[in-house]
Amino acid sequence: MLKRGVFKTLFQSVDALVTGKGRIDDDLFDEFEEALLAADLSFRTTEQVLERLKGMVRDKRMSTAQEVQDGLKIALTEALGDAGDTKLKVAESGPTLYLMVGVNGVGKTTSLGKLAYRASKKEGKKVILAAGDTFRAAAAEQLGIWAERAGAELIRQKENADPAAVVHDAIIAAKTRGADLILVDTAGRLHTKLNLMEELRKIGRICEKELGRKPDEVLLALDATTGQNAVPQAKQFTEAVGVTGIVLAKLDGTARGGIVITLRQELGVPVKMVGVGEGPEDMLPFNPEVFVEALLG
């Protein structure tokens, strides 16, 4: 899931530090702080994690490097919240619908395609992809490639059509054809644009009219390589459209995956899926314990 290095090197020196000094002191915590910040945790999240770790060291009278390493794993896993929150919601009846939002260039359409591939090829679901980004012909074409790859059906309209009309058609098609899952792509223009927010709200109204409920998930696609820059972007989308989960793209090839923990701590929104490679199968459910193990190396 992540390239290892930052913490692996640190932990190799922890044993020598503890053994040589015979104690766990502030210098050791300073090194942990540096490593956590390098892994893209925010200052506030880093402080919270280290305070939890210091409390465990004190209360459990930790004295070995292994105990400290295990304590850090516990503190980081706790910061990611309840593992049950990371599971994608499924509708109790009728087709499930996920709305994917996010700015252009973060891997939104690709992530949606990978979700379709996983649901169809790995889980045996009948999937409909809705090309709700009607402002870029390339987006619908890209989604069409993914639909063919995943064995899913693509619903699209002409360029500049009403995105809500595409979603309406997709829901009707899903009901008629017994589809299990509707995945809706949306335009990725800047989240400050009022017309885009209104389009998303209109899609929500269509869902409530045709399904009797809001989208089962509003998933925000973020690029893991942008680091801390993802936080304000995520905050604005969450406030505007009620994001329920994050799909983190491009988590492969970086040791800076700590942004996952920061997003959880500062937004209260769980990461639900992570893209860990270029292949169609490289979209995985987020597992906090596995993630922390990879982060720490």
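Q: Leaving aside its neighbours within four places in sequence, which residues is S120 in contact with?
A: In this model, which is predicted, S120 is in contact with K125, V127, A150 and G151, once its neighbours within four places in sequence are left aside. The residue itself is found in helix α5, and one of its partners, A150, belongs to helix α6.

Q: Does S120 count as buried or exposed?
A: The general idea is that a residue counts as buried when its relative accessible area is under 20%. S120 has a relative accessibility of 16%, so it counts as buried.

Q: How should I read the way α5 and α6 are placed, and at what angle do their axes cross?
A: Two packed helices are described by the angle between their axes and the distance between the axes. Here the axes of α5, residues 108-122, and α6, residues 137-150, come within 9 Å and cross at roughly 20°. Since angles under 35 degrees count as roughly parallel, the two helices α5 and α6 are therefore roughly parallel to each other. The crossing of α5 and α6 is, in addition, right-handed.

Q: Which residues make the contact of α5 and α6?
A: On the side of α5 the contact is made by T109, T110, L112, G113, K114, A116, Y117, S120 and K121, while α6 brings A139, Q142, L143, W146, R149 and A150. Sorted by character, the residues of this contact of α5 with α6 divide into 7 nonpolar, 5 polar and 3 charged.

Q: How can another pair of helices be read in this manner, and at what angle do the axes of α3 and α10 cross?
A: The same two quantities, angle and distance, are used for packed helices in general. The axes of α3, residues 43-59, and α10, residues 259-267, come within 9 Å and cross at roughly 90°. Because angles of 65 to 115 degrees count as roughly perpendicular, α3 and α10 are described as roughly perpendicular to each other. In this contact R44, T45 and Q48 in α3 meet I261, T262, Q265 and E266 in α10, and the residues involved divide into 1 nonpolar, 4 polar and 2 charged.

Q: Returning to α5, what does S111 touch, not counting residues up to four places away in sequence?
A: S111, which is also found in helix α5, touches M100, V247, A249 and M283 when residues up to four places away in sequence are not counted. Its relative accessibility is 3%, so S111 counts as buried.

Q: Where does M283 lie, and which residues does it touch?
A: M283 lies in strand β8, residues 283-285, and with a relative accessibility of 1% it counts as buried. Not counting residues up to four places away in sequence, M283 touches S111, K114, L115, R118, V247, M273, V274 and G275. As for distance along the chain and in space, M283 and A116 are 167 residues apart along the chain, while their C-alpha atoms are separated by 9.9 Å.

Q: How is a loop residue read, and is T134 buried or exposed?
A: One asks where the residue lies and how much of it is accessible. T134 lies in the loop between β2 (127-131) and α6, and, with a relative accessible area of 5%, T134 is buried. Its contacts, apart from neighbours within four places in sequence, are K158, E159, N160, A161, P163 and V166. T134 and A187, which are 53 residues apart in sequence, are 7.1 Å apart in space, C-alpha to C-alpha.

Q: N160 appears among those contacts; what is its phi?
A: N160 has a positive phi of about 70° although it is not a glycine. This residue is found in the loop between β3 (153-155) and α7 (163-177), and, with a relative accessible area of 53%, N160 is exposed. A positive phi is also given for R61, where the value is near 50° in a residue other than glycine. R61 has its place in the loop between α3 and α4 (65-79), and at 72% relative accessibility R61 counts as exposed.

Q: How many helices and strands does the chain have, and what percentage of its residues count as buried?
A: The chain has 11 helices and 8 strands, and of its 297 residues 53% count as buried. Among contacts between residues at least 6 apart in sequence, 75% join residues at least 24 apart. The accessible surface of the chain comes to about 13200 Å², of which 48% belongs to carbon and sulfur atoms.

Methods
Residues are numbered from 1 along each chain as its sequence is written. This is a predicted model: local features need pLDDT of at least 70, side-chain atom pairs count only at pLDDT 80 or more; totals for chains, interfaces and linings use all residues. Side-chain values use heavy atoms; hydrogens and water are left out. Helices (H or I, at least four residues) and strands (E, at least two) are DSSP runs, numbered from the N terminus. Buried means under 20% relative accessible area, exposed over 50%, partly exposed in between (1.4 Å probe, protein chains only). Contact means heavy atoms within 4.5 Å. Accessible areas come from the Shrake-Rupley method with a 1.4 Å probe; for residues, only the protein chains shown count as cover. Axes are lines fitted to C-alpha atoms, for helices over the stretch in contact, and angles run from 0 to 180 degrees between N-to-C directions. Angles under 35 degrees count as roughly parallel, over 145 as roughly antiparallel, 65 to 115 as roughly perpendicular and the rest as oblique. A crossing is left-handed if the near helix is turned anticlockwise from the far one by less than a right angle, and right-handed if clockwise. Ala, Val, Leu, Ile, Met, Phe, Trp, Tyr, Cys and Pro count as nonpolar, Asp, Glu, Lys and Arg as charged, and the others, Gly among them, as polar.
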